[in-house]
Amino acid sequence: MKIKHYEMNIPVANPFENCVLDREKYAKALMSLLANYKGGFVLSINNVFRT
């Protein structure tokens, strides 16, 4: 099996412009969380896919 990787086009002005997984809302929520905790903390992100 051959896997072919394609160049990704990520515009600097709008990095989520070509995102087909609608990640912008999650990125904004995470950025807001990080911006509000100046003292530092540990964050674990876990993704579980269930059908």
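In the predicted model, the largest pocket has a volume of about 200 Å³. Its lining is made up of Met8, Asn9, Ile10, Pro15, Phe16, Asn18, Cys19, Val20, Leu21 and Arg23. By residue class, this lining of the largest pocket comprises seven nonpolar residues, two polar residues and one charged residue. The general principle behind such an analysis is that a probe the size of a water molecule, rolled over the atoms, shows where empty space is left.

Asp22 is not among the residues listed for the pocket lining, but several other features involve this residue. Asp22 is located in the segment before helix 1. Its backbone has a positive phi of about 55 degrees, although Asp22 is not a glycine. With a relative accessible area of 45%, Asp22 is partly exposed, because the partly exposed class lies between the limits of 20% and 50%. The side chain of Asp22 also takes part in a salt bridge with Lys25, in which the closest N and O atoms are 3.2 Å apart. Lys25 is likewise partly exposed, at a relative accessible area of 48%.

The count of salt bridges in the model comes to two. Besides the pair formed by Asp22 and Lys25, a salt bridge joins Lys28 to Glu24, with 3.3 Å between the closest N and O atoms. Lys28 and Glu24 both belong to helix 1 and are four residues apart, so about one helical turn separates them. Glu24 is partly exposed, with a relative accessible area of 30%.

A nonpolar patch is present on the surface, formed by Leu30, Leu33, Leu34, Tyr37, Phe41, Leu43 and Ile45. Together, these residues have about 640 Å² of accessible area. Leu30, one of the patch residues, is found in helix 1. The relative accessible area of Leu30 is 31%, and this residue is therefore partly exposed; the value also satisfies the requirement of over 30% for membership of a patch. Tyr37, another member of the patch, lies in the segment after helix 1, which spans residues 24-35. Tyr37 is partly exposed as well, at a relative accessible area of 47%.

The positions of the patch and the pocket may be related through one residue from each. Leu30 belongs to the nonpolar patch, whereas Met8 is part of the lining of the largest pocket. Leu30 and Met8 are 22 residues apart along the chain, and their C-alpha atoms are separated by 23 Å.

Key
Residues are numbered from 1 along each chain as its sequence is written. This is a predicted model: local features need pLDDT of at least 70, side-chain atom pairs count only at pLDDT 80 or more; totals for chains, interfaces and linings use all residues. Side-chain values use heavy atoms; hydrogens and water are left out. Patches are made of residues with over 30% relative accessible area and no salt bridge: like charges are joined within 9 Å, nonpolar side chains (Val, Leu, Ile, Met, Phe, Trp, Tyr) within 5 Å. Accessible areas come from the Shrake-Rupley method with a 1.4 Å probe; for residues, only the protein chains shown count as cover. A salt bridge is a side-chain nitrogen of Lys or Arg within 4 Å of a carboxyl oxygen of Asp or Glu. Helices (H or I, at least four residues) and strands (E, at least two) are DSSP runs, numbered from the N terminus. Buried means under 20% relative accessible area, exposed over 50%, partly exposed in between (1.4 Å probe, protein chains only). On a 1 Å grid over the protein atoms alone, a cavity is a set of points where a 1.4 Å probe fits but cannot get out, and a pocket is an open set with protein on both sides within 12 Å along at least five of seven lines; lining residues have an atom within 4 Å of a point. Grid points are joined across faces, edges and corners, and a volume is the space filled by probe spheres set on the points. Ala, Val, Leu, Ile, Met, Phe, Trp, Tyr, Cys and Pro count as nonpolar, Asp, Glu, Lys and Arg as charged, and the others, Gly among them, as polar.
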